[in-house]
Amino acid sequence: MNDAHGSPQTVVVFGGSSEIALAVLSRLAARRTRTVVLAGRNPAALEAAAGALREAGVTSVEAVVFEALETDGHAALVDDIFDRHGDVDLVLMAFGELGDQATLEDNPPAAARLARVNYVASVSIGLAVAARLRAQGHGNLVALSSVAAERPRRSNFVYGSSKAGMDAFFRGLGDALRGSGARVVVVRPGFVRTRMTAGMAEAPFATTPEAVADGVVRALETGAETVWVPPRLRWVMTVLRHLPAPLFRKLGDG
Ligand SMILES: NC(=O)c1ccc[n+]([C@@H]2O[C@H](COP(=O)([O-])OP(=O)(O)OC[C@H]3O[C@@H](n4cnc5c(N)ncnc54)[C@H](OP(=O)(O)O)[C@@H]3O)[C@@H](O)[C@H]2O)c1
């Protein structure tokens, strides 16, 4: 259960080694989150993250194996986590791959694989988590979507389309959970300086994992359903969404 201040006590992260997720967890640790489950595929990275969280005051940190591509096992994994930890206040969906557009265009199986990680796995984990949140009658599911979900661009439409799918899925899931006591928050960061974007030319309005973490914490406090980071991207994208395609291509990279 959230504590008396409304802060989550028990948090589960799918993509437990994500830099953005770790910034969120660092903020939450300072706000008295005491139990964290890190689900991921790289034991060494999860152990390093667990150590940092223990130092930050999280008393119980557990690492569990999670591979996004193994969708058949997702429901059992979610059930196992919830069965062993009881009430879960917050589930953060932080796994994802960016890929290289040119490489993906030349390699359809690799592009399909990326879509399975970013979109298909979000569906299987998301539905399993929603069933448990609905049953317990409370909890937040926070999904890291992207500004790339808003309008496909020539330079990264494989990634962008996979994020558009997961973004639409989680918005619908939020509607499905209305009245249950549980809810969904969709987070749309712009370019965030993490290992995912290392070496890339920065896009306008580039930001930090800490700024995304602040946006997530604010949404938990205010009940916002959609979070843009930085916030002014909401207005920028409101304009860009409606630009005629030739103009959009000229402004962007198409
Ligand atoms: N950085 C940005 O500019 C940006 C902007 C908007 C949205 N986002 C989204 O924010 C989320 C977190 O990104 P980040 O910047 O924190 O990058 P990150 O540090 O690279 O985190 C990505 C996470 O996804 C996990 N992952 C990738 N493929 C997986 C698979 N097949 N099975 C299980 N886990 C897998 C990674 O695990 P490993 O450690 O095992 O690789 C890692 O934990 C992603 O969904 C990303 O699309 C990022």
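Helices here are DSSP runs of H or I with at least four residues, strands are E runs of at least two, and both are numbered from the N terminus. That is how the loop holding Pro230 gets its address, between β7 (226-229) and α8 (233-242). Keep in mind for every view that this is a predicted model.

**View 1. A cis peptide bond sits just before Pro230.** Look at the link from Val229 to Pro230: its omega is near -5°, which is cis. Pro230 belongs to the loop that runs between β7 (226-229) and α8 (233-242).

**View 2. Seven strands make an open, parallel sheet.** Reading across, the order is β3-β2-β1-β4-β5-β6-β7. β3 (60-65) and β7 are the edge strands, each with pairing on one side only. Going from one strand to the next, the twist averages 15°. Helix α5 packs on this sheet and touches β1, β4, β5 and β6, with its direction at about 165° to that of β5.

**View 3. Strand β1 is buried on both faces.** Which side chains share a face? Thr10, Val12 and Phe14 lie on one side, with Val11 and Val13 on the other, and all of them are buried. In general, side chains in a regular strand alternate between the two faces of the sheet. Since 5 of the 5 residues of β1 are buried, the strand is largely enclosed by the rest of the structure. As for neighbours, β1 runs parallel to β2 and is joined to it by 5 bridges, with Val36 as the β2 bridge partner of Val11. Strand β1 (residues 10-14) also pairs with β4, again in the parallel sense, over 4 bridges. In that pairing, Val11 stands opposite Leu90.

**View 4. Strand β4 is covered on both faces too.** In β4 (residues 90-93), Leu90 and Leu92 are buried on one side, and Val91 and Met93 are buried on the other. What does β4 pair with besides β1? It runs parallel to β5 (residues 139-144), and 4 bridges join the two. Here Met93 has Ala143 as its bridge partner in β5.

**View 5. Helices α5 and α6 pack side by side.** The axes of α5 (residues 108-136) and α6 (residues 157-177) come within 9 Å and cross at roughly 10°. Angles under 35 degrees count as roughly parallel, so that label fits α5 and α6. On the α5 side the contact includes Ala111, Leu114, Tyr119, Val123 and Leu133, and on the α6 side it includes Val158, Met166, Phe169, Phe170 and Leu173. By class, the contact has 15 nonpolar, 5 polar and 2 charged residues.

**View 6. Residues around the ligand.** There are 27 residues around the ligand, and the ones that come nearest are Ser18, Ala68, Gly96, Val192 and Thr194. What kinds of residue make up this shell? It divides into 13 nonpolar, 9 polar and 5 charged.

**View 7. Arg32 has a positive phi without being a glycine.** Its phi is near 80°. Find Arg32 in the loop between α1 (19-30) and β2 (35-40). Arg32 counts as partly exposed because it has 14 C-beta neighbours inside 10 Å.

**View 8. Phe205 has a positive phi although it is not a glycine.** For Phe205, phi is about 65°, and the residue lies in the loop between β6 (182-189) and α7 (209-222). With 16 other C-beta atoms within 10 Å, Phe205 is partly exposed.

Definitions and conventions
Residues are numbered from 1 along each chain as its sequence is written. This is a predicted model: local features need pLDDT of at least 70, side-chain atom pairs count only at pLDDT 80 or more; totals for chains, interfaces and linings use all residues. A residue is buried if 20 or more other C-beta atoms lie within 10 Å of its own, exposed if 12 or fewer, and partly exposed in between; C-beta atoms are placed from the backbone. Two strands pair if DSSP finds at least two bridges between them. Axes are lines fitted to C-alpha atoms, for helices over the stretch in contact, and angles run from 0 to 180 degrees between N-to-C directions. Angles under 35 degrees count as roughly parallel, over 145 as roughly antiparallel, 65 to 115 as roughly perpendicular and the rest as oblique. Two residues are in contact if their C-beta atoms, placed from the backbone, lie within 7 Å. Ala, Val, Leu, Ile, Met, Phe, Trp, Tyr, Cys and Pro count as nonpolar, Asp, Glu, Lys and Arg as charged, and the others, Gly among them, as polar. A residue is near a molecule or strand if its C-beta atom, placed from the backbone, lies within 6 Å of it.
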